[in-house]
Amino acid sequence: MFGPIYFKCKLNGNFISIRDADRKLGVPIVSSPKQGDNRHQRWLMEGAGNGWHFLHSGFNGNVIGLGELDAQGGASLISVAKDSKASDQLWSIAPLGNALFHLKN
């Protein structure tokens, strides 16, 4: 596992964050500006094999998963307990060059 790291959006400069720094399961993962005590914006990457990773919160230990299992896209992201068999919790990094990348579920 490596981290903690931040995921910053190139479009608006916001960071992937746990909404309102809430520790509960099911809380939405949102884009928000960097904040003072930003532990809820730091992530640890744990390899899951074959180029996939779990994205753990350094704040509450939960991982990023899909709120609605929608293979077509547009699903919300939420903070969930890690389930090693849940494919909606696995993410890959697709490099774009110039230190930019996409996260792919």
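Is Ala21, at 30% relative accessibility, buried, partly exposed or exposed? In this predicted model, Ala21 counts as partly exposed, because 30% falls between the cut-offs of 20% for buried and 50% for exposed. Ala21 sits in the loop between E2 and E3, and its backbone is a bit unusual on paper: phi is positive, about 50°, although the residue is not a glycine. Asn98 gives a second case of a positive phi in a residue other than glycine, with a value near 55°. Asn98 belongs to the loop between E8 and E9, and at 79% relative accessibility it counts as exposed, since that value is over 50%.

On to the charged pairs. The count of salt bridges comes to three. One of them joins the side chains of Asp20 and Arg19, with N to O at 3.7 Å. Asp20 is exposed, with a relative accessible area of 68%, while Arg19 is partly exposed at 40%. Another salt bridge pairs Lys24 with Asp22, and here the closest N and O atoms are 3.6 Å apart. Lys24 is exposed, its relative accessible area being 56%, whereas Asp22 comes out as partly exposed at 23%.

Glu46 and Lys82 also form a salt bridge, with 2.9 Å between the closest N and O atoms. This pair ties together distant parts of the chain: Glu46 is in strand E4, Lys82 is in the loop between strand E7 (77–80) and strand E8 (92–97), and 36 residues separate them. Lys82 is partly exposed, with 38% relative accessibility. Glu46 has another partner too, as its side chain makes a polar contact of 2.5 Å with the side chain of His56. His56 lies in strand E5 (residues 52–57). With a relative accessible area of 9%, His56 is buried, because that figure is under 20%. Glu46 thus meets Lys82 through a salt bridge and His56 through a polar contact.

Next comes the nonpolar interior. In soluble globular proteins, nonpolar side chains tend to be buried together. In this model, the largest nonpolar core has 12 residues, made up of Phe7, Ile18, Val27, Ile29, Trp43, Met45, Leu55, Phe59, Ile64, Leu66, Ala75 and Trp91. Strand E4 (43–49) and strand E6 (63–66) each supply at least two residues of this core. There is also a second, separate core of five residues, among them Phe54, Ile78, Val80 and Leu90. Phe7, one of the members of the largest core, gives a feel for the packing. Leaving out residues up to four places away in sequence, Phe7 touches Asn14, Phe15, Ile16, Trp43, Met45, Leu55, Phe101 and Leu103.

Some of those names come back at the largest pocket, which has a volume of about 520 Å³. The lining of this pocket counts 22 residues, and Lys8, Cys9, Ile16, Phe101 and Leu103 are the ones that lie nearest its centre. Strand E2 (15–18), strand E3 (29–32) and strand E9 (100–104) each supply at least two lining residues. E9 gives the largest share of the lining, with four residues. Ile16, Phe101 and Leu103 are in contact with Phe7 and are among the residues nearest the pocket centre.

Finally, there is Asn105, in the segment after E9. At 37% relative accessibility, Asn105 counts as partly exposed. Even so, Asn105 has a good list of partners: setting aside neighbours within four places in sequence, it contacts Trp52, Leu66, Ser87, Asp88, Gln89, Leu90 and Trp91. Two of these are reached through backbone oxygens. The side chain of Asn105 lies 3.0 Å from the backbone oxygen of Asp88, and a polar atom of that side chain lies 3.0 Å from the backbone oxygen of Leu90. Among the contacts of Asn105, Leu66 and Trp91 are members of the largest nonpolar core, while Leu90 belongs to the second one. Asn105 and Ser92 are 13 residues apart in sequence, and their C-alpha atoms are 6.5 Å apart in space.

Definitions and conventions
Residues are numbered from 1 along each chain as its sequence is written. This is a predicted model: local features need pLDDT of at least 70, side-chain atom pairs count only at pLDDT 80 or more; totals for chains, interfaces and linings use all residues. Side-chain values use heavy atoms; hydrogens and water are left out. Buried means under 20% relative accessible area, exposed over 50%, partly exposed in between (1.4 Å probe, protein chains only). A polar contact is a pair of N or O atoms within 3.5 Å; within protein, one must be able to donate a hydrogen and the other to accept it, and residues adjacent in sequence count only if both atoms are side-chain atoms. A nonpolar core is a set of buried Ala, Val, Leu, Ile, Met, Phe, Trp, Tyr and Cys residues joined through side-chain atoms within 4.5 Å. Contact means heavy atoms within 4.5 Å. A salt bridge is a side-chain nitrogen of Lys or Arg within 4 Å of a carboxyl oxygen of Asp or Glu. On a 1 Å grid over the protein atoms alone, a cavity is a set of points where a 1.4 Å probe fits but cannot get out, and a pocket is an open set with protein on both sides within 12 Å along at least five of seven lines; lining residues have an atom within 4 Å of a point. Grid points are joined across faces, edges and corners, and a volume is the space filled by probe spheres set on the points.
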